Amino acid sequence: MKTYNNKAWWLVLPVFALVAFSAIIPMMTVVNYSIQDIFDPNTRYFVGTEWYREILADPRLLDSLLRQFVYSLCVLVIEVPLGIIVALSMPRRGLGVPVSLILLSLPLLVPWNVVGTIWQIIGREDIGLYGWILNSIGLDYNYASNPRDAWATVLIMDVWHWTSLVALLCYSGLRSIPDVYYQAARIDRASHWAVFRFIQLPKLKNVLLIAVMLRFMDSFMIYTEPFVLTGGGPGTATTFLSQTLTQMALGQFDLGRAAAFSLIYFLIILLVTWVFYTAMTHNDDKG
Amino acid sequence: MGWMAWTLPTALFFVGIALLLVAMTVWQTVSPGHERKGFLPLTTSRGDRLFIGLLASAYGHLLLLALTDWPLWIATGVCVVGMVIIMKWG
Amino acid sequence: MRVRKSLVMLVYLLFVLVPIYWLVNMSFKSNREILGGLTLWPTTPTLDNYRVIFTEPTWYTSYLNSLSYVSMNMVISLMVALPAAYAFSRYRFLGDKHMFFWLLTNRMAPPAVFLLPFFQLYSAVGLFDTPIAVALAHCLFNVPLAVWILEGFMSSVPKEIDETAYIDGYTFPKFFVRIFLPMIRPGIGVTAFFCFMFSWVELLLARTLTSVDAKPIVSQMTRTVSASGIDWGVLAAAGVVALLPGIAVIYFVRNHVAKGFALGRV
């Protein structure tokens, strides 16, 4: 049970000040922009809720929102179990530990535009390994013209890029389980499944919450990688929310509309994340 | 401050939110509330109910803008009533 | 069981490494060879791409710029996040849960939303085109993440340890640095790595907040597109070079990550 002590606020104050500076001021600005037609800070007109009405009536918002949910769901369903399996398969001691840690983290360190470039090349049937293999075993694979292939490629790219994050988090969570737990399990002749279910999984709960939320939030605002890989196409098959925002607004430097879209976008993320977070932390109090 | 492009409605909005937060803090210090369960399907403290109410209000306003041509103050009125209900019985 | 585990690991590592190999492979090829056809290794290996990166000042200074704001961000994030995470993991206080969730909401805000206000905010305070501006902007998503990860690790340390230390006469700062921090080393290692990683690969904010003096490598990379098309070779070489500092960081924190929890062995 935690003690109630309001002096703990002093420990939180630096974080509060720092984040307030870089979050609250910009957020206020976005709200201000969203109800005006802005050309520059001195040339602006009050338009009220016009931008909101326009964006909410735009079918592109609903389309990309739906696509976004399906995509984020796929990402979670594939990456979280795979990440746990990889973390459980990590060597526990010896030279294998640093080697596999470094190799695992490689995809995370590639700048996001380069990630897109790598998969853009490797998926091409003339000069890329995967595209060439798929085509030579008789599959008609082309991510640039076939929406299904484009989807699969973006998804596999995401799995390649981010599963390591889940794995690394879970691995460090596993490392923080004291050895006595395993010794006790060995004395009790617990099965591997029992060890996982009753020792490892409960201890992983904290890091797993972080991993799931991070993957959800990041996949929900994915932009650079699919933009480089497919440019949102073919058609609008891989145009996700962030790209719709950029296309619709920033491309035309239409600040008011962009701000209104941003706020709607933010409200969607806020609601979904809140539901997620509440659902996952709710049994905390019961132990 | 010029670049923040302040307007009267947004200024009032943020002052309102800030006052609300201050009021909640004072209220909690003067007479501490406890987590409880109302008609919402989870145990909530006052702050939780305020957050739920505000988020619901935001969606309420968007819904009105998306589906109808009515003026916005109708949504505001409904949301204030909803807010009171959530705070009291939520 | 051991064999099956190693097999899973090997297959997964293969999946991870093939695209990386393709990147390295490309960095040693000329553009003509890259676009000419499928070759599994460079038939006429060339170092020209790397020569461009290490001799042209725009390339290597952008590399140093990135390193400077990323390390600043890492230090700032850890310094402010450690005490805050301790407060969240040990105490209840007025508005703690809401504060925590509010921090998280900053991690979820898409950077695209904040581009323009950030540009104007940092111009207004005179920090535009300096590494510190990018470091501060990246704090927006790294500080909440750091608090969050660290809180998770701190909560798994039993509270009795704090109480015993206080009874033994430790003051809070001394206890925190001498006893508590060593116990959550895996957490600190992981946090440092993630702060580094998310700051290093971020493109949108870093590109918006800099122009010439503090231009980061990620935005330099987007300029390999010229009239004759994309310079794939140089882009690949820059990507390979961009991997190196991350490998160094993970190498340094590997002990923290792998060391685990000393508690059970006492």
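These legends accompany close-up views of a predicted model.

**View 1. The largest cavity, a space shared by chains A and C.**
Welcome inside the protein! The structure holds six cavities of 30 Å³ or more, and this view shows the largest, with about 340 Å³ of space. Its lining is made up of 24 residues. If you want to find the centre, look for A:W112, A:D218, A:M221, C:P111 and C:E202, the lining residues that lie nearest to it.

**View 2. The helices around the largest cavity.**
Which elements give two or more residues to this lining? From chain A they are α7 (147–175), α9 (192–220) and α10 (224–229). From chain C they are α5 (96–108), α6 (111–124), α7 (131–155) and α11 (204–208). The largest share, three residues, comes from α9(A). As for chemical character, the lining of the largest cavity divides into 14 nonpolar, four polar and six charged residues.

**View 3. The second largest cavity, with about 120 Å³ of space.**
Here 13 residues form the lining, and the closest to the centre are A:A258, A:A259, A:S262, C:V113 and C:L116. In chain A, α1 (9–34) and α12 (255–281) each supply at least two lining residues, as does α6 of chain C. Which helix gives the most to this lining? That is α6(C), with five residues. By class, the lining of the second largest cavity has 12 nonpolar residues, one polar residue and no charged ones.

**View 4. The bend in helix α9(A).**
You have already met α9(A) as the helix with the largest share of the lining of the largest cavity. Now follow its path from end to end. The helix has 29 residues, and a straight helix would reach 42 Å at 1.5 Å a residue. In this model, however, the end C-alpha atoms of α9(A) are only 35 Å apart. Where does α9(A) bend? Look at A:K205, where the bend is about 55°.

**View 5. A:S105, a buried serine in helix α4 of chain A.**
This last view moves to a single residue. A:S105 sits in α4, the helix that covers residues 96–109 of chain A. Is A:S105 buried or exposed? A:S105 counts as buried because its relative accessibility is 0%, and the cut-off for buried is under 20%. Next, look at the polar end of its side chain. A polar atom there lies 3.0 Å from the backbone oxygen of A:L101. An α-helix has 3.6 residues a turn, so residues three or four places apart point the same way.

How values were computed. Residues are numbered from 1 along each chain as its sequence is written. Chains are lettered from A and ligands numbered from 1 in the order in which they are written. This is a predicted model: local features need pLDDT of at least 70, side-chain atom pairs count only at pLDDT 80 or more; totals for chains, interfaces and linings use all residues. Side-chain values use heavy atoms; hydrogens and water are left out. On a 1 Å grid over the protein atoms alone, a cavity is a set of points where a 1.4 Å probe fits but cannot get out, and a pocket is an open set with protein on both sides within 12 Å along at least five of seven lines; lining residues have an atom within 4 Å of a point. Grid points are joined across faces, edges and corners, and a volume is the space filled by probe spheres set on the points. Helices (H or I, at least four residues) and strands (E, at least two) are DSSP runs, numbered from the N terminus. Ala, Val, Leu, Ile, Met, Phe, Trp, Tyr, Cys and Pro count as nonpolar, Asp, Glu, Lys and Arg as charged, and the others, Gly among them, as polar. The expected span of a helix is 1.5 Å times one less than its number of residues. The bend at a residue is the angle between axes fitted to the seven residues ending there and the seven starting there. Buried means under 20% relative accessible area, exposed over 50%, partly exposed in between (1.4 Å probe, protein chains only). A polar contact is a pair of N or O atoms within 3.5 Å; within protein, one must be able to donate a hydrogen and the other to accept it, and residues adjacent in sequence count only if both atoms are side-chain atoms.
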